[in-house]
Structures are given as C-alpha cells and as structure tokens.
Amino acid sequence: MSGSTAWWRLVAAREVTTRMRDKTFLISTGVLLLVVAGSIVLTSLLGGRPPSYDVAVTDRAGSSLAEVTQDQLRAQSGDDEAKVTVSEVDDVAAARAAVDDEQVDAALLPTDDGFEIVGRDEVPAELSSATQSALSLTSLQANAEEAGTSVEDLTAGSTLREDTTTSGPVSSDTAGGIAFAMALLFFLTAISFGIAIAQSVVVEKENRIVEILAAAVPLRALLWGKVLGNSFLALAQVLAVALTAAVALLIVGNLDAIPAVGVAGLWFLAFFVVGFLALASLWSVAGSLATRQEDLQSTTVPGQALLLVPYLIAVAGSDKMIEVTSFVPIASSLTMPARLVDGDVPLWQPIVSLLLAAAAAALLIRLGARWYERTLLQTSRRTTYRELMRGNRDES
Amino acid sequence: MARENSIEVDDVVRDYGSTRALDEVSFGVRPGGLTGFVGANGAGKTTTMRIIMGVLAPDAGQVRWQGEPVTAEQRRTFGYLPEERGLYPKMRVAEQLRYLARLHGADGTQARRRSDTLLERLELGGHGDDMLETLSLGNQQRVQVAAALVHEPVALVLDEPFSGLDPLAVEVMVDLLREQVDAGVPVLFSSHQLELVERLCDDLVIVSDGRVVAAGSVEELRRTEREEYALHIAGHVDLGWVGEVDGVRILDKEAAGEEQVVVFQVDRPGAAQDVLREALGRGTVRELRRRTPTLAEIFREAVA
C-alpha cells in the first residue's frame with residue numbers, strides 16, 4: 001500500500017458512509033435544517049411583514065392624501081413594501097359602512113378644516129401617525145406655494161442624520177442574534193460530532209474488531225481517518241445549515257443579512273475547523289478510554305465541559321470575558337466569531353487568535369494520538385484520565 | 001532457509017506488572033505445516049499470538065519472518081483471528097470483508113472477488129448484504145474466519161479458530177486450513193480440543209506457565225517419549241512381579257474382562273524382553289504392545 005494516506009482515506013470513507021446510512025443521524029440533520037429554515041421564515045412572518053392598509057376615500061383630495069400617506073408610512077416604518085391601498089366610495093355613509101364591515105382598515109373623510117380618519121374600534125396608530133405627517137406635509141406644501149416659497153426652503157437646515165458609534169455591518173440586535181446562532185451552531189455540531197468520534201472508537205473496542213484493525217493498519221492512521229471523516233461530516237453539516245439559512249433568507253426576501261454575515265461567516269468556518277480539530281483527538285481518547293458505550297457518559301465529560309463553558313461565556317458572558325476568551329484556543333471558536341459579527345475588531349486579533357488555536361490544535365492532536373495509542377487495545381476495563389496522566393502502562 | 005516463509009518466535013519475554021506472562025518463549029512455525037499451540041488457560045498462548053501479530057510488544061526477544069525481524073509491513077500480510085472475536089455489527093457482511101481486505105492493501109476489484117469467493121466457500125453466499133448482527137452466532141463465526149483469510153495472507157495466526165463453530169463449520173474450516181497449508185502458508189493455531197489438534201497437526205508447541213515445555217513435530221514428540229508397553233495376560237493373576245524386573249516401572253494395572261492389563265515404562269534396553277520372558281513362564285500372554293502416547297498424555301506429561 002502506498003503509505004498511510006490510503007489507510008486514513010479508507011477509514012474516513014467508512015466513517016462517512018456509515019454515518020450517511022445511519023437513520024438517526026439523517027433524521028436529526030433533517031430536523032436541524034428544518035428548525036433553521038423554520039425559525040427564519042417564522043421570524044419574518046411574525047415581525048417582518050410590511051405594513052399594509054386599505055383605506056376608503058370619497059374624493060380626489062382623499063386619494064392624493066392616501067398616496068402621500070403611503071410615502072410617509074414607508075419612510076416611518078423603513079419598509080419600502082409598505083402599502084396604502086385606496087378604494088373610492090360614493091359618499092361618507094358608504095365609507096363609514098366599509099369601515100364598519102371591515103372591508104377597509106380606515107376611511108379618510110374631508111372636513112371643514114382638514115380630514116377626519118375613521119376606524120372601526122380604533123385607528124391603527126401607525127396609519128394615523130403616517131396620515132398626520134402626510135396631511136402636515138400636503139398642507140405645508142399648499143401654504144408654502146401660496147406664500148411664494150417651497151417646502152424645501154422652509155425646512156432648510158432641519159435634516160437629521162442617523163449614525164452609530166460602532167461600525168458593525170449590522171445592527172447590534174441582529175449581530176447579537178447572529179453571534180448567538182453561530183455559538184449555538186458550533187456548540188451543537190462540535191458536541192454531536194465529537195461524541196460521534198468517541199462512539200465510533202468505542203464501537204470498535206466493544207466489538208473487539210480493534211485487534212484486527214490494529215494488526216492491519218497503524219493506529220495513527222485509524223485515528224486520523226476517524227478524525228478527518230467526522231470533521232468532514234461536521235463541516236458539511238455546518239455548510240448545509242448555512243446554505244439552508246441563505247435559501248430561507250432568500251425566500252423571505254431578507255437579503256441584506258447575507259453579505260453582512262459573509263466575512264464573519266468565513267472567519268467562523270476557519271475557527272470552526274481549527275476548534276473542532278483541536279478537540280477531535282481528545283474525543284477519540286474519550287472513546288479509547290471506554291470499553292463500552294455506557295462508559296462514554298463519564299469519559300466524554302471533559303470534552304463537553306471544554307465546549308459548554310466557552311459556550312456559556314459566548315452567549316451570556318460580559319464583553320470583557322468574551323474579549324479575553326476570544327484568544328483562548330477552543331473557546332475562541334465560540335467567542336471570536338461573535339466579536340467579529342459585532343464589528344470593531346482589528347484584523348490582527350482574529351489572525352493571532354486563529355494561529356494560537358492552530359498551535360493548540362497541533363499539540364492536542366499529538367497528545368491525543370499518544371493517549372489513543374496507549375489505551376485503544378485495553379479492552380478489559382475502563383482506563384481513567386488520571387492513569388493516562390501518570391502514564392501507566394496498560395495491564396491487560 | 002533464510003528466505004523460507006516461516007515464523008520464528010525467539011526468546012520472547014513479556015511481563016504484566018510483576019507477573020511474568022512469557023518466559024523466553026521460542027519456537028518456529030514452518031510453511032507447509034499446521035502447528036498446534038496448546039496449553040492450559042493463562043499459559044500464555046494468546047499473549048504469544050498477540051506479540052506475533054504486533055498488537056502487543058514483547059519486553060525482550062523478537063519475532064522473525066523469513067529469518068529477519070518481522071516488520072509492520074510484513075505483519076499486515078499475515079491473517080489473524082483474535083481470541084476476542086468481533087466485527088462491525090451494523091455493517092453489511094460483504095462490505096465488511098471488502099473493507100478489511102482493502103485495509104490490508106487489496107484494491108477494490110481484488111477485495112470484491114476474494115470476499116465473494118470466501119462467502120461462497122463458507123456457505124454464506126446469500127448473506128453478503130445482511131447486517132452482521134442479523135446473522136446467527138455460528139454464521140457470525142464463519143464471517144470472522146473469512147475476515148482472517150480475505151486478504152490471502154502469507155501466514156496465519158489463529159486463536160482458538162474452532163471454538164464456537166458447529167461441526168459442519170469445523171469441517172469447512174479444516175478444509176480451508178489444509179488448503180492454506182498446501183499452498184505453503186505457515187499456520188499456527190491454538191486450541192483446547194486436543195483430539196482435533198491431534199487429528200490435524202503436523203507440529204506441536206506446548207506451553208505451560210509462560211514457558212515452552214515441548215515443541216516439534218508430533219511424530220518426534222511421540223518418539224522421544226520414554227518407552228511404554230501394555231502387557232495383557234489371561235486369567236486373574238497377580239502382576240505385581242512386573243514392577244520388580246530391573247528397569248521397569250508400573251504405570252497402571254487393571255482387570256479387563258477375562259484378562260489383566262499392566263502398563264509399564266522401561267528405561268533399560270531389553271527390559272521389555274525380560275518382562276515378556278518372565279510372563280511367558282508364568283501364564284498365557286495375550287498381547288505385548290508398544291504404546292504411542294496420545295496427545296493428551298504428551299500434554300499431561302509435558303505440563304506436569
């Protein structure tokens with residue numbers, strides 16, 4: 001055989017095909033994608049639907065007021081899809097009847113000194129406020145013309161611009177949401193695929209096939225195959241989630257969020273790969289310490305803790321804690337992408353953090369490989385982490 | 001000789017903590033012969049086999065192949081049936097065999113051909129697409145055997161290959177092993193079933209408490225045993241006198257129907273003739289026969 005390359009490839013390929021045929025895995029992945037798509041669509045349905053009102057008018061003045069009202073509504077809600085639909089009726093009575101029958105949301109009726117807006121139980125506040133602005137504007141325009149000037153001249157110097165002190169690509173609410181989603185995604189994926197690595201190792205121990213494998217291929221090739229096979233699957237799942245999210249955003253028409261997440265998303269992927277690899281060989285050690293599936297409950301505790309603590313910091317920690325942990329390997333995979341979404345991070349920081357994480361990953365992989373080789377063939381009883389640290393030789 | 005496909009275990013020592021599991025174990029497994037490896041439980045058979053396969057490292061000594069210390073690369077061309085059986089329960093049988101063949105270096109086509117052939121030979125042709133765990137235990141054992149042979153190994157190390165096999169599978173297994181031996185593959189197998197070992201083996205290695213107490217061809221081991229005879233005399237006569245002949249020791253005396261049988265051992269040339277002459281003078285000799293010890297007796301003698 002041509003070196004150990006072919007071995008790890010065979011092992012990795014088996015990991016992938018076995019998982020792809022595992023119904024539990026397929027179903028849980030499907031559910032995850034549905035939840036992602038569903039939550040995006042649902043959020044948009046609940047909060048993101050553009051305001052739309054039907055109003056009844058009785059004359060041309062009413063119609064043109066409704067038109068200006070639509071402009072004002074768009075300006076106020078910040079939604080270009082906001083709509084005011086006009087239906088002309090014969091008289092005031094017909095207009096009131098249309099409101100009462102809920103055929104329209106409100107009626108715009110002319111009065112001696114302006115307009116009256118009529119609602120059934122109440123007038124929608126948004127519509128009322130937009131109509132008020134529209135009315136002020138049209139009367140201001142009419143009065144200005146009469147006085148021989150223009151609205152522009154009258155309101156010169158009254159422009160108010162908005163700016164924020166942070167330069168993040170998205171609002172802090174959105175950034176918080178995206179950061180949370182990324183932290184959750186890393187946490188869930190790293191835990192589930194990490195445990196999958198541990199399980200895959202213990203299956204081979206539990207069923208004793210490990211001795212045949214050990215006689216056939218170098219243990220290191222076995223380890224690499226498992227780690228890379230599962231890393232590939234984990235990355236594929238993350239990409240599937242990202243793709244699903246993008247398609248869902250496309251469907252609900254909220255495209256602005258995509259480029260905003262883009263750069264942070266690429267950093268997220270880089271940190272994901274490095275963070276996952278750093279832990280991967282430790283997960284395989286969790287598997288090789290065990291002799292049965294049940295043992296995994298205790299042997300995977302350190303791995304779970306190494307993910308849970310930074311996860312909690314990422315979602316609930318103070319800014320200072322997040323900033324500090326964004327340089328701590330593994331934790332940085334959760335906290336650095338969150339900071340990047342928020343913006344205002346000098347470029348050197350994620351680079352240094354990523355290099356630190358990569359160095360830690362290289363070290364942990366070496367250590368993990370050594371522990372794995374030492375404990376894998378110990379099939380008679382569970383080994384403890386303490387024994388590993390002491391470096392006792394296995395006694396089978 | 002140096003290039004011959006033989007496995008040599010040379011002064012191998014292995015300790016577990018303060019217990020010495022193997023104490024300077026040495027023996028050879030030659031090509032074209034079936035070598036039986038017998039010993040009581042805990043005598044060191046499995047440890048020796050694991051060391052031969054490189055799954056366990058010796059504390060001292062070495063394993064040689066073709067006269068040179070065996071390399072990891074060469075070991076991968078060996079076939080191994082470990083004491084603790086097991087394959088992937090949730091993997092299809094044929095796929096599993098192909099995977100193992102490929103890990104041993106076969107390409108996709110070879111792997112498919114070999115696994116198909118073996119499944120056919122082991123009468124598992126219809127089970128290739130079944131998950132291993134859905135097979136009966138006996139059939140799972142057969143798959144296990146196939147797993148050891150699927151890469152056409154150049155040497156075979158089999159730990160208790162017959163345990164768990166039904167009588168039919170034992171016969172299939174025996175045929176398979178004979179084929180391998182005839183093709184020049186050295187085969188080492190351990191077993192508790194001494195009758196089976198006796199029937200099959202060309203060579204024998206007996207271990208006791210981590211030491212080799214006897215090794216060689218079965219013929220040799222039988223020959224080098226001290227001379228034993230069984231004397232049958234008609235009637236109920238006292239045969240105590242036999243023990244008084246110079247150089248004779250009685251091993252066993254019993255009455256069998258109408259005759260008396262005495263089994264004795266001699267350590268002086270001509271002593272058996274002296275016993276015969278004396279017996280002829282005392283009564284009717286029905287039979288005087290040189291006994292070849294059974295394997296069980298050799299074993300008992302060796303480990304005593």
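B:L34 counts as buried, because its relative accessibility is just 1%. That is where we'll start in this predicted model.

**Around B:L34**

B:L34 sits in strand β3 of chain B, a stretch covering residues 34-39. Who does this leucine touch once its neighbours within four places in sequence are set aside? The contacts are B:L177, B:R178, B:V181, B:V187, B:F189, B:L200, B:C201, B:D202 and B:D203. B:G125 is another matter: 91 residues away from B:L34 in sequence, with the two C-alpha atoms 28 Å apart in space.

**The two chains**

Here is how chain A and chain B look side by side.

| Item | Chain A | Chain B |
|---|---|---|
| Helices and strands | 16 helices and 4 strands | 10 helices and 14 strands |
| Buried residues | 43% of 396 residues | 52% of 304 residues |
| Contacts (at least 6 apart in sequence) joining residues at least 24 apart | 72% | 68% |
| Accessible surface | about 20400 Å² | about 13800 Å² |
| Carbon and sulfur share of that surface | 59% | 46% |

A little more on chain B: its C-alpha trace spans about 80 × 45 × 35 Å along the principal axes. As for charge, chain B carries 35 positive and 51 negative side chains, and the centres of those two sets lie 3 Å apart.

**A pocket lined by both chains**

Now for the second largest pocket, which has a volume of about 1200 Å³. It is lined by 41 residues, and the ones closest to its centre are A:E15, A:T18, A:R19, A:R21 and A:D22. Which elements give two or more residues to this lining? From chain A they are α1 (5-20), α2 (23-47), α7 (172-206) and α9 (219-252), and from chain B there is α3 (93-103). The top contributor to the lining is α7(A), with 11 residues.

The pocket-lining helix α9 of chain A is also home to A:W224. Is this tryptophan buried, exposed or something in between? A:W224 is partly exposed, because its relative accessible area is 30%, which falls between the 20% limit for buried and the 50% limit for exposed. Not counting neighbours within four places in sequence, A:W224 is in contact with A:W8, A:G229 and A:I365. Going the other way along the chain, A:A190 is 34 residues from A:W224, and their C-alpha atoms are separated by 17 Å.

**Covered spots in chain A**

How many residues of helix α8 in chain A (residues 209-216) are buried? The count is 8 of 8, so the helix is mostly covered, with buried meaning under 20% relative accessible area. By name, the buried residues of α8(A) are A:I209, A:V210, A:E211, A:I212, A:L213, A:A214, A:A215 and A:A216.

A:S353 is another covered residue: it counts as buried because its relative accessibility is 0%. This serine lies in helix α15 of chain A, which runs over residues 348-375. With neighbours within four places in sequence left out, A:S353 is in contact with A:F271, A:S326, A:F327, A:S332 and A:M336.

**Two residues with positive phi**

Most residues other than glycine have a negative phi. Against that background, a couple of backbone spots are worth a look.

In chain A, A:I330 is not a glycine, yet has a positive phi of about 70°. You'll find A:I330 in the loop between α13 (319-325) and α14 (332-342). Buried or exposed? A:I330 counts as buried, because its relative accessibility is 9%.

In chain B, B:E123 is not a glycine either, and its phi is positive at about 60°. The loop holding B:E123 runs between α4 (108-121) and α5 (137-149) of chain B. B:E123 is exposed, because its relative accessible area is 54%. So the pair splits on cover: A:I330 is buried, whereas B:E123 is exposed.

Note on methods. Residues numbered from 1 in each chain as written. Chains lettered and ligands numbered in written order. Heavy atoms only, no water. Buried < 20%, exposed > 50% of the residue type's maximum accessible area, 1.4 Å probe, protein only. Contact = heavy atoms within 4.5 Å. Areas by Shrake-Rupley, 256 points an atom, 1.4 Å probe, with all protein chains shown as cover. Lys, Arg positive; Asp, Glu negative; His and termini not counted. Charge placed at Lys NZ, Arg CZ, Asp CG, Glu CD. 1 Å grid on protein atoms, 1.4 Å probe; cavity = no way out; pocket = protein on both sides within 12 Å on 5 of 7 lines; lining within 4 Å. Points joined across faces, edges and corners; volume = space filled by probe spheres on them.
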